[in-house]
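Me: I am new to this structure and would like a close look at a single part of it. Please take one strand, go through what pairs with it, and then move on to what lies around it.

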Amino acid sequence: KRASDIYGNPAGVIGIVGSTKFTVESRSGIDAPRENYTDLWWNAAQSGWGLSIHQHGSDNIFAVWFVYGQDGKAGWYAMPTGQWLRARHYTGAVYRTHGPYFGDPAFNPGAVTVTPVGTATLHFDNVGAGLFEYTIDGVTSRKSIVRQAF
């Protein structure tokens, strides 16, 4: 059957069902971002390190910076939370983590250490480029970052 046969409307005519009002609430605040920065970020001129950023629907960012230390060994730094200073500027505490060997079948959560080592700020110029500023273990620096292209 055709819709017009079921509802008694001539084919192609849609009637008014009703009306309502609604309010669109603002996001987490006036400083909340409008863009989502979730991605892998890096600097092509400094291949070998990167920044993994995950932005949750709550606008909180969890970022992990993977680098090499002075000893040449891989290191991980995490910024598990922070706050938006402005819509394109996010800052938070940075932690170094260390734990048991991944191949150990008897994982011991008591062997995991989390050490506060500094702070970092992400400044996004736009959805594809920005600046990563940090002070970690007394070393202060800044690095230009762009989204990793695939």
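Reply: What follows is a description of strand β8, its two partner strands, the cavity it helps to line, and some side-chain contacts in the surrounding parts. The model is a predicted one, and the values below are computed from it.

Strand β8 covers residues 129-136. Of its eight residues, six are buried, so the strand is mostly covered. In general, side chains along a regular strand alternate between the two faces of the sheet.

Which strands pair with β8? On one hand there is strand β7, residues 113-124, which runs antiparallel to β8 and is joined to it by seven bridges. The connection between β7 and β8 is a hairpin of four residues. Within this pairing, Gly130 of β8 has Phe124 standing opposite. On the other hand there is strand β9, residues 139-147, which also pairs with β8 in the antiparallel sense, here over eight bridges. Ala129 has Val146 of β9 as its bridge partner. The hairpin from β8 to β9 has two residues between the strands, and Asp137 in this hairpin has a positive phi near 50°.

Next comes the space that β8 helps to enclose. As a general matter, a probe the size of a water molecule, rolled over the atoms, shows where empty space is left. How many cavities of 30 Å³ or more does the structure hold? The number is one. The volume of the largest cavity is about 70 Å³. Its lining includes Phe132 and Ile136, and β8 is one of the strands that supply at least two residues each to that lining. The others are β3 (61-68) and β4 (74-79). Ala63, Val64 and Trp65 are among the lining residues, as are Tyr77, Ala78 and Met79. Leu51, Val94 and Ala120 also take part. By class, the lining has 11 nonpolar residues, no polar ones and no charged ones.

Two of these lining residues also serve as reference points for distances across the chain. Ala78 and Pro116 are 38 residues apart along the chain, and their C-alpha atoms are separated by 9.5 Å. Pro116 belongs to strand β7 and is exposed, because its relative accessible area is 59% and the exposed class begins over 50%. Ala120 and Ser141 are 21 residues apart along the chain, with 9.7 Å between their C-alpha atoms. Ser141 is placed in strand β9. A relative accessible area of 27% makes Ser141 partly exposed.

Strand β7 also contains Thr121. Is this residue buried or exposed? Thr121 is buried, because its relative accessible area of 16% falls under the 20% limit. Its side chain makes a polar contact with the side chain of Thr91, at 2.9 Å.

The last topic is charge. In general, side chains of opposite charge can pair when their charged atoms come close. The whole structure contains four salt bridges. One of them joins the side chains of Glu133 and Arg142, with 2.7 Å from N to O. Glu133 is partly exposed at 25% relative accessibility, whereas Arg142 is exposed, with a relative accessible area of 52%.

A second salt bridge joins the side chains of Arg147 and Asp39, at 3.0 Å from N to O. Arg147 is in strand β9 and Asp39 in strand β1, so this pair ties together parts that are 108 residues apart in sequence. Both are partly exposed: Arg147 has a relative accessible area of 21%, and Asp39 has one of 24%.

A further salt bridge is formed by Glu35 and Arg88, whose closest N and O atoms are 3.6 Å apart. This pair, too, links distant parts of the chain, with 53 residues from Glu35 to Arg88. Glu35 sits in the loop between α1 (3-7) and β1 (39-42), while Arg88 sits in the loop between β5 (83-86) and β6 (89-98). Glu35 counts as partly exposed at 21% relative accessibility, and Arg88 counts as partly exposed at 31%.

To return to the strand itself: β8 is mostly covered, pairs with β7 and with β9, and supplies at least two residues to the lining of the largest cavity.

Key. Residues are numbered from 1 along each chain as its sequence is written. This is a predicted model: local features need pLDDT of at least 70, side-chain atom pairs count only at pLDDT 80 or more; totals for chains, interfaces and linings use all residues. Side-chain values use heavy atoms; hydrogens and water are left out. Buried means under 20% relative accessible area, exposed over 50%, partly exposed in between (1.4 Å probe, protein chains only). Two strands pair if DSSP finds at least two bridges between them. On a 1 Å grid over the protein atoms alone, a cavity is a set of points where a 1.4 Å probe fits but cannot get out, and a pocket is an open set with protein on both sides within 12 Å along at least five of seven lines; lining residues have an atom within 4 Å of a point. Grid points are joined across faces, edges and corners, and a volume is the space filled by probe spheres set on the points. Ala, Val, Leu, Ile, Met, Phe, Trp, Tyr, Cys and Pro count as nonpolar, Asp, Glu, Lys and Arg as charged, and the others, Gly among them, as polar. A polar contact is a pair of N or O atoms within 3.5 Å; within protein, one must be able to donate a hydrogen and the other to accept it, and residues adjacent in sequence count only if both atoms are side-chain atoms.
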